[in-house]
Amino acid sequence: MPPQPAASSQTWSQRFETALHPAIAQFNASIGFDIELVEYDLTGSQAHAQMLAHTGIITPDEGDQLVKGLDQIRQEYRQGFFSPGVDAEDVHFAVERRLTQILGDLGKKLHTARSRNDQVGTDTRLYLRDQMQEIRAQVREFQTALFHLAEQHVETLIPGYTHLQRAQPISLAHHLMAYFEMAQRDWERLGEVYRRVNVSPLGCGALAGTTFPIDRHYTAELLNFDGVYANSLDGVSDRDFAIEFLSTASLIMMHLSRLSEEVILWASQEFSFVTLKDSCATGSSIMPQKKNPDVPELVRGKTGRVFGHLQAMLVLMKGLPLAYNKDLQEDKEALFDAVKTVRGCLEAMTILLQEGIEFRTSRLAEAVAEDFSNATDVADYLATKGVPFREAYNLVGKVVRTCLAANKLLKDLSLDEWQTLHPAFEADIYQAIAPRQVVAARNSYGGTGFEQVRQAIENARQRLRQD
Ligand code: ARG
């Protein structure tokens with residue numbers, strides 16, 4: 001049995017004769033989670049009180065007292081003395097009730113020209129905008145960690161894959177910088193979405209605006225919003241900003257999850273491309289030899305949660321008539337959990353890159369030398385000697401088949417054997433198929449050639465300085 005809340009003692013207004021059934025009060029309440037918004041509710045309410053005074057709706061002295069009373073609640077909250085229960089229903093009522101205890105009847109003036117509908121929209125945006133700034137800084141740290149690893153591994157070769165089959169060798173830095181680029185888009189996206197999060201719904205009232213001579217631009221300015229909603233119905237019921245954030249968060253998680261999957265594969269005995277350091281790996285309770293990649297596995301696992309929140313939000317919105325509906329109370333847990341998840345995952349993956357992972361360079365060097373991932377280069381070699389590429393491609397297919405039958409690699413063929421296969425082969429074929437040369441030769445813009453990778457790293461250094 002969950003703990004039973006005290007029956008709500010209050011009725012809503014004179015319109016109601018009896019209080020809420022205790023189970024319904026519990027069901028209806030959001031205080032259990034929206035207390036997370038309390039500091040934003042206080043900030044938003046202070047701006048509202050200042051605006052009420054500024055426009056003459058209340059006196060300057062009343063405005064000052066309201067702001068001070070709200071400050072007192074902030075102190076109480078920070079010291080752990082403000083922890084409202086279910087009878088407060090939500091954080092907005094909790095603050096107003098406490099303010100009225102502190103200031104008496106004056107506290108009851110705070111809600112003039114405001115509704116919880118525009119209030120909760122304001123609080124949620126203030127919260128999200130702070131969190132997005134933090135997340136954006138975390139993305140930068142993650143990128144910086146990738147960047148430093150890449151800098152160290154320009155000359156380290158690693159097999160490149162398509163279909164998870166060995167395809168062509170590449171620079172490890174090139175592989176890592178692919179994630180840097182994904183994260184760069186995440187960083188940019190956070191900035192773009194931020195512009196639409198940072199719009200004020202305050203003053204939209206319940207749905208239709210207000211009869212009081214409020215100044216919405218004044219509160220928007222006090223709260224550092226970039227603008228105000230132009231339509232009050234839209235202002236109180238829009239959750240596009242939350243969906244856009246969840247979509248951005250989903251993309252971040254998807255990128256982290258792909259990297260996680262690679263780290264998990266790389267750490268397996270089958271690949272053995274990386275060793276996980278003790279500080280970032282875990283053991284098994286029964287198999288003493290094991291070292292498990294729990295961090296990337298958890299990141300991969302948590303990704304589904306964030307995708308789920310995005311889906312839940314989209315479904316939440318699709319059938320909602322204008323304007324506010326209580327369904328919208330469901331937006332908060334999704335947002336809070338997505339924020340917490342994405343922040344935790346970014347932090348863990350950044351630490352993993354900074355100190356938890358070591359590339360086994362000698363094993364990687366072996367890996368790129370023991371396969372046929374230089375076969376394209378044989379075809380390219382012939383093509384530069386005038387053999388049409390498709391013909392060269394077919395011939396090299398035959399060469400690979402012959403090698404497989406003889407249990408040989410391309411580099412094991414003698415010059416005679418090469419020349420029997422095609423007279424265009426000369427002694428420089430050995431140089432052309434050496435893994436280092438294979439990588440260096442892919443010097444097309446954005447390719448894995450060392451020169452390109454160095455340029456990409458320089459370019460990244462510039463971008464990391466951007467704000
Ligand atoms: N707790 C509510 C929410 O999170 C606040 C707004 C309530 N508005 C209303 N009209 N019942 O959405």
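**Ligand pocket and salt bridges**

A polar side-chain atom of S30 sits 3.2 Å from a nitrogen atom of the ligand in this predicted model. S30 has company: an N or O atom in the side chain of R116 is 3.2 Å from a nitrogen atom of the ligand, and for the side chain of N117 the corresponding distance is 2.8 Å. The protein covers a good share of the ligand, burying 87% of the 340 Å² that the ligand exposes when taken alone.

The full shell around the ligand is made up of S30, D90, H92, R116, N117, V120, Y324, Q329 and K332. Sorted by class, that gives two nonpolar, four polar and three charged residues. Helix 6, spanning residues 116–152, is the top contributor, with three residues in the shell. Domain 1 (22–112) and domain 2 (117–152 + 171–361) each supply residues to this shell, so the ligand lies between them.

Away from the ligand, the salt bridges come to 31 in total. One of them pairs R166 with D371, whose side chains meet at 2.6 Å, N to O. R166 belongs to strand 2 (residues 165–171), while D371 is in the loop between helix 13 (361–369) and helix 14 (375–384), so this pair ties together parts that are 205 residues apart in sequence. The two partners are not covered alike: R166 is partly exposed, at 29% relative accessible area, whereas D371 is buried, at 11%.

A second salt bridge links D331 and R239, with the closest N and O atoms 2.8 Å apart. Here D331 comes from helix 12 (residues 331–356) and R239 from the loop between helix 9 (232–237) and helix 10 (240–267), so parts that are 92 residues apart in sequence get tied together. Both ends are tucked away: D331 is buried, with a relative accessible area of 0%, and R239 also counts as buried, at 1%.

Then there is K385 with D428, a salt bridge at 3.9 Å, N to O. Both residues are in loops, K385 between helix 14 and helix 15 (389–406) and D428 between helix 16 (415–421) and helix 17 (429–432), so the pair ties together parts that are 43 residues apart in sequence. K385 counts as partly exposed, at 34% relative accessibility, and D428 is partly exposed too, at 39%. Some salt bridges share partners, and in this way R166, R363, E366, E370 and D371 are joined into one network.

Definitions and conventions:
Residues are numbered from 1 along each chain as its sequence is written. This is a predicted model: local features need pLDDT of at least 70, side-chain atom pairs count only at pLDDT 80 or more; totals for chains, interfaces and linings use all residues. Side-chain values use heavy atoms; hydrogens and water are left out. A residue is near a molecule or strand if one of its heavy atoms lies within 4 Å of it. A polar contact is a pair of N or O atoms within 3.5 Å; within protein, one must be able to donate a hydrogen and the other to accept it, and residues adjacent in sequence count only if both atoms are side-chain atoms. Accessible areas come from the Shrake-Rupley method with a 1.4 Å probe; for residues, only the protein chains shown count as cover. Helices (H or I, at least four residues) and strands (E, at least two) are DSSP runs, numbered from the N terminus. Ala, Val, Leu, Ile, Met, Phe, Trp, Tyr, Cys and Pro count as nonpolar, Asp, Glu, Lys and Arg as charged, and the others, Gly among them, as polar. Domain bounds come from an automatic or database domain assignment. A salt bridge is a side-chain nitrogen of Lys or Arg within 4 Å of a carboxyl oxygen of Asp or Glu. Buried means under 20% relative accessible area, exposed over 50%, partly exposed in between (1.4 Å probe, protein chains only).
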